[in-house]
Amino acid sequence: MLRIILQRLFTAIPVLFLVILVTFVLIRLAPGGPFDAERAVPAEVLENLNKRYKLNDPLPVQFFDYLSNLLRGDFGPSFKYPSRTVTEIINAGMPVTLELSVYALLVAVIFGIGAGVIAAMRPNTLQDYVPMSLAMLGICLPSFVLGPLLILFFAIGLEWLPVSGWGESPGDKILPAITLGAGYAAYIARLSRGGMLETLAQDYIRTARAKGLAEWRVVFVHALRGGLGPVVSFAGPAVAGLLSGSFVVETIYQIPGLGRFYLQGAFNRDYTMILGMTILFAFFIIVCNLLADIVQVWLNPRLRSLHGGKTA
Amino acid sequence: MQPKVAKVMRSTVLSFLIAAVIGLTSGCGEKSLTNVEYGNQNQILYYGNGDEPKSLDPHLITGSPDNNVIMNLFEGLTSKDAATLEPLPGVAESWKISEDQRVYTFQLRKNARWSNGDPVTAKDFVFSWHRALSPAVPNEYAYIMYYLEGAEEFRKGKHKDFNKVGVKALSSHSLQITLKYPAHFFLQLLSHHSFYPVHEATLMKFGGIADPISKWILPGNFVGNGPFVLKRWELNKVIELVKSETYWDKDAVRLQAAHFYPIEDQQAEERAYRSGQIHLTNTPQMDIEKIQVYRDKDPDALRMVPTYTSYYYEFNVNKKPLDDARVRRAFALAIDRTLIVKNVTKGGETPAYNFVAPDPVGYEPQVYWHEDVDEARRLLAEAGYPEGRGFPVFTILYNTHDNHQKVAVTIQQMLKKNLNIDVQLENKEWKVYIAAKKNLEHDIARAGWLADYVDPSNFFDIFRSYAGNNNTGWKNADYDRLMQEITAESDKARRFELFEQANRLLADEMPVLPIYYYSDINLVNPVVQGWYDNVMHYHPLKYVYLQTPSTP
């Protein structure tokens, strides 16, 4: 197991390098520079700015400068926000984005698996159709529609929850978590329904039933473990998607996370910010996929021998 | 995997889940006041500020979200009346102006203090302006200081001796300023953030005058001289200012604190207002659809104010057939502006028949033309395109935005209907759009201008032949000569005459097509007092306070 983890982490290095290289080249190809503004920036100011951020050096030199700073953990200064480094901005935004993603994942997992299991227990009945239609709705409704709808209903109509904010007033984390998690909950519901249906048809489930076990025990103890396989392999990319895809939700609810900086970085041609965020998210995606693999092995003993691990 | 490990893992996951549920629902069920209710009781203003400020360093900022905050953290030699925009004494309590209007002598008030208790002295201003003009400091507004004698040369490295720049400390509280040209609006200009003083010892402590990541402006380090001080700055979340205890006029300040929220999304901002999270919105425009709702339901809160701005289309006069002034005039005459502001933008904008907006201080540009479709057709025929025949297809470029698109579509239809000309529309992302305009790649491009100070020169200067913001390719020696004359002219009436000549020239040549003057559309909770409508969107918090019917 350890060997696999190390191996995977090792192969991540060239991947990250490629990500950096491609991003670095692509952002330089985009028209417009970080200091272009609607009002003409006087030539001497532009010259100073370019000098200050070493943008006059040849591109390969800039690239290797960036890499060597990166190896020392320095993401460089932000072009858009003087007096802040990209590292500082990441440090400020990451805990928030992580927290939001965890809550969203929680929403996705609880509602998704719940709905999937309920649906799978009585396939092709009302008990299946209702949660699955809701799931379909969840997949179809993008967060920029769902968010304002939830706000309208729960915040403005019923006044149960705040309209926006993060950690400012009680309960202001609930709506963002639901908005971000809903789409993933829907996917998870469909995946877990499929997985459960397959598992519930297995012989060992019939055995369990034949032994006279209570239905909840059959479903939750015996079947769930096998039925969650597809959900777990989906969870890795899903977490990465939650982390990097929270921009819309962050904007709707005024959440000071990373997504907003990432998008603004792109609009502002804030080269260091785009690079820093891209590297960070690439790293997240690699780690999440790895974690998903590990959990999958844990849940499915058959995979263990495939990976050369010990059997319990 | 060992059963033990599995057990540990299971309990880890479980405790993690429980912790997450607790975190998510923490504080639920507590009954609490909205921000606005709490603020009204405690004189705390909650302010929707549009965007996250780029910086709070007065010599580095460019945007209005930045300016909204720092106008309360610093004070220049003068300040402005929030209602009339007339210059008021700031750090300077009095001044004398020489007869040729080039030498200003300011007496600084003795009780002006920095937030750390140090006195604000004439030397502070000399240091600050030296810094603001230093070539090493990327101050995009340094050009506003070029009215000072020797400032432009110093900034551009033509001389390195700051003593040659027209600012001198005569004593600890007396400052002499020498201008290159007489500038009527100089007292007003002095309240611009480029002229704010910064605290020398603090800057030096945090890396000197030009450190790109200097921390002097962060809470804890910050030292300012305005009515408020910086208490908290959480990126993309909130900036909190509290009343300064060292400000010379602190008895006039009634607000105890102000919270600035960087709410970028107009709809999110409106919802925040509606649910009592903020007292006022401050994005320059509101969703068009929402305006009518507020007109009906909450007219006291809706503020629609004409501003000293211009929304217009730039012709690229290097491209045929737009190089022909008759064609440009034909376009201008063929567009129904009243219809655009009434049915398309719907935000209280004013139709514009001049590029320069009417000036609240006195200059009223004359109108030389109006919509006239017949005349437009005649001009087009004269230029060789009777009934639009043979007119090449060209493109209107605009930056991606709902309102710009709506306006462009309308103009496209009007040109087709009135002149039988086919126009294509092209929207580009902001930076690409700017780059295209600067390189004169466009045929016609949408543009907007917001004046920095109230003087027509702020608009007219754009069309100097080699000005950086002239994205039309239009070059006119007569116009340049007029601008030169205006700069040197000290007589107000004569200046206005010259402005009118320039205006006439623009009307004849039509390098840009005026469409409308923007208006500010904001929601301001009626409890907010001392918030005056003005053309510059200038809202200092010094005199603002909150008054509910129950708190007399």
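Student: Which strands of chain B does helix α13 (residues 402-419) lie across, and at what angle does the helix run to β14(B)?

Tutor: This is a predicted model, in which local features need pLDDT of at least 70, side-chain atom pairs count only at pLDDT 80 or more, and totals for chains, interfaces and linings use all residues. Residues are numbered from 1 along each chain as its sequence is written, chains are lettered from A and ligands numbered from 1 in the order in which they are written, and side-chain values use heavy atoms, with hydrogens and water left out. Helices (H or I, at least four residues) and strands (E, at least two) are DSSP runs numbered from the N terminus, contact means heavy atoms within 4.5 Å, and angles run from 0 to 180 degrees between N-to-C directions of axes, which are lines fitted to C-alpha atoms, for helices over the stretch in contact. Helix α13(B) lies across β12 (309-315), β14 (394-399), β15, β16 (444-450) and β17 of chain B, and its angle to β14(B) is about 160°.

Student: Which are the edge strands of the six-stranded open sheet in chain B?

Tutor: Two strands pair if DSSP finds at least two bridges between them. The sheet has mixed pairing and the order β13-β17-β12-β16-β14-β15. The strands that pair on one side only are β13 (350-351) and β15 (423-428) of chain B.

Student: Which residue of β17(B) is the bridge partner of T350(B)?

Tutor: β13(B) and β17 (residues 512-517) of chain B are antiparallel and share two bridges. In β17(B), the partner of T350(B) is Y517(B).

Student: What is the strand order of the four-stranded open sheet in chain B, and which residue of β5(B) is the bridge partner of W95(B)?

Tutor: The order is β4-β5-β7-β6, with antiparallel pairing. Its edge strands are β4 (92-97) and β6 (167-171) of chain B. Five bridges join β4(B) to β5 (residues 103-108) of chain B, and in β5(B) the partner of W95(B) is F106(B).

Student: How much area do chain A and chain B bury between them?

Tutor: Buried area is the accessible area (1.4 Å probe) that two parts lose on being put together, summed over both. In this model, 59 residues of chain A are in contact with 74 residues of chain B. Of the area buried between the chains, 58% is on carbon and sulfur atoms, and the total is about 5700 Å².

Student: Why does the salt bridge of E88(A) and K215(B) join two chains?

Tutor: A salt bridge is a side-chain nitrogen of Lys or Arg within 4 Å of a carboxyl oxygen of Asp or Glu, and here the N to O distance is 2.7 Å. E88(A) lies in helix α4 of chain A, whereas K215(B) lies in the loop between α7 (200-205) and β8 (228-234) of chain B, so the pair joins two chains.

Student: Which residue of chain B forms a salt bridge with R269(A)?

Tutor: R269(A) comes just after α12(A) and takes a positive phi of about 55°. The closest N and O atoms of its salt bridge are 2.8 Å apart, and the partner is E429(B).

Student: Is K237(B) buried or partly exposed?

Tutor: Buried means under 20% relative accessible area, exposed over 50%, and partly exposed in between (1.4 Å probe, protein chains only). The salt-bridge partner E234(B) is partly exposed at 29%. K237(B) has a relative accessible area of 18%, so K237(B) is buried.
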